[in-house]
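Colleague: I should like a close look at how the two assigned domains of this protein are placed and joined. Please set that against the overall build of the chain.

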Amino acid sequence: MKKKVTILGATGSIGKSAADVILSALERFDVQVVTANTNAELLAEQAIKLKAKRAVIVDETKYDTLKSKLDGTGIEIAAGEQALEEAASEPADLILAGIVGIAGLKPIMKAIEQGSCVAIANKEPLVAAGPLVMAAAKKHGTTLLPVDSEHNAVFQVFDFERSDGIEKITLTASGGPFLNRSLEDMANVTPDQAVAHPNWSMGRKISVDSATMMNKALEIIEAHYLFNIEPDKIDVLIHPQSVIHSMVHYKDGSVLAQMGASDMRTPIANVLAWPERMETPGQKLDLTQMNKLTFEKPDFERFPALKTAYQCLESGLHSCVALNAANEVAVEAFLTNNIGFLDIMDCIDHILGKTKTTKLDTITDIIEFDETIRAKTKDFITNGVTKKAAQSS
Ligand code: NAD
Ligand code: MG
């Protein structure tokens with residue numbers, strides 16, 4: 001029987017890798033829906049190649065383009081946010097959540113409600129709404145499969161049946177493009193330099209997150225919720241070659257690690273075929289080609305985001321929502337040349353310093369709070385950061 005699969009965010013870096021894996025084994029998969037935000041041309045192309053039943057574009061102004069490209073193919077089309085949520089609610093054996101940012105939260109919740117498998121690459125909803133996402137998965141009997149390479153690695157070597165034997169987990173981090181840069185140097189880096197990751201080719205937002213190491217910060221929070229593991233049992237280790245994707249340490253001293261090439265098609269193939277295994281069209285690891293594997297402790301001074309993640313987990317969900325929202329806004333401001341690289345953390349620190357505990361019992365509470373924080377961050381960027389830059393010039 002073919003596995004029915006839906007890809008949310010099909011036109012992104014994760015979505016394209018998933019399409020590649022599925023295309024290499026079309027006999028195993030029956031693609032239901034593919035979705036995108038604005039890129040109607042690529043979405044139409046993917047829908048045709050993947051033989052999808054439906055293509056959904058969120059940006060309604062792109063409906064006509066999508067329609068003309070798919071005319072006569074028999075592929076259904078729809079546009080708008082509502083159509084995206086419906087796509088996520090459509091029955092499937094596996095829904096791959098590959099949207100970037102908090103925009104993926106509602107679709108993930110819809111996908112979870114149907115009780116099959118949801119493969120999550122889209123980490124921001126887990127950071128901002130981890131307890132609600134995990135509770136919904138439990139309630140609906142939905143299996144969550146981690147796609148993020150570190151969490152997929154942990155998932156593959158984590159003894160869920162006997163988790164009391166686990167001492168801690170270590171998330172590895174490449175350290176990003178500025179691993180060896182001084183803070184003075186980092187003050188002047190450009191968006192193009194920040195998105196040029198040494199090992200991974202990814203979307204722009206996560207690439208900037210890797211450069212600030214906010215990506216690893218978000219991943220600490222993601223791991224806390226996905227594996228129900230206390231923050232003091234989550235370590236981060238810099239491993240610039242990205243060969244060991246993460247590890248689980250057991251009480252008896254055994255350390256189980258997962259290795260692979262730095263190619264997202266491996267964790268994606270892992271979740272697509274789970275619990276089976278499949279071939280991937282991706283690179284395979286060849287250790288004879290690796291000169292050496294190195295490891296070092298992260299520098300919390302140059303990469304303060306890591307410390308912030310632990311503080312946010314300690315402080316509560318409101319801080320995690322604020323961290324994510326302020327980061328999304330600040331990264332966008334950096335990418336559009338409105339603030340400098342180091343201002344990203346400045347904005348986040350400023351916002352977190354002003355964030356107070358608030359009731360976050362529902363997804364609506366979280367989305368409203370996220371929007372408040374976004375507005376505050378934008379305001380700070382317009383009136384605070386630029387003012388600071390003006391004063392210093
Ligand atoms: P990307 O920017 O390349 O792609 C994002 C996708 O989401 C696109 O298909 C886009 O159309 C869609 N999208 C964007 N905004 C949307 C909105 N408002 N509503 C609906 N759809 C929207 O991003 P990416 O690099 O593929 O990352 C996707 C997610 O996976 C992120 O959360 C990222 O942190 C996570 N992730 C990515 C990688 C990677 O290698 N790229 C690795 C691990 C985790
Ligand atoms: Mg990762």
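Modeller: Of the 393 residues in the protein, 55% are buried, a term that stands for under 20% relative accessible area. The model is a predicted one. The accessible surface amounts to about 17,300 Å², and carbon and sulfur atoms hold 49% of that area.

The secondary structure consists of 16 helices and 11 strands. The radius of gyration is 21 Å, close to the 21 Å given by the globule rule for 393 residues, so the protein is as compact as a globular protein of that length. Its C-alpha trace extends over about 60 × 55 × 45 Å along the principal axes. Among contacts with a separation of 6 or more, 67% link residues 24 or more positions apart.

Turning to the part you ask about, the domain assignment places domain 1 at residues 3-146. Domain 2 is made up of two segments, 178-212 and 316-393. Between the C-alpha centres of domain 1 and domain 2 there is a distance of 27 Å. The two domains do touch: 14 residues of domain 1 are in contact with 18 residues of domain 2, where contact requires heavy atoms within 4.5 Å.

As for charge, the protein carries 40 positive and 52 negative side chains. The centres of these two sets lie 1 Å apart.

In short, domain 1 and the two-segment domain 2 meet through contacts between 14 and 18 residues respectively, within a protein whose radius of gyration is 21 Å.

Notes: Residues are numbered from 1 along each chain as its sequence is written. Chains are lettered from A and ligands numbered from 1 in the order in which they are written. This is a predicted model: local features need pLDDT of at least 70, side-chain atom pairs count only at pLDDT 80 or more; totals for chains, interfaces and linings use all residues. Side-chain values use heavy atoms; hydrogens and water are left out. Helices (H or I, at least four residues) and strands (E, at least two) are DSSP runs, numbered from the N terminus. The radius of gyration is taken over C-alpha atoms; the globule rule is 2.2 Å times the number of residues to the power 0.38. Buried means under 20% relative accessible area, exposed over 50%, partly exposed in between (1.4 Å probe, protein chains only). Accessible areas come from the Shrake-Rupley method with a 1.4 Å probe; for residues, only the protein chains shown count as cover. Lys and Arg count as positive and Asp and Glu as negative; His and the chain ends are not counted. The place of a charge is taken as NZ of Lys, CZ of Arg, CG of Asp or CD of Glu. Domain bounds come from an automatic or database domain assignment.
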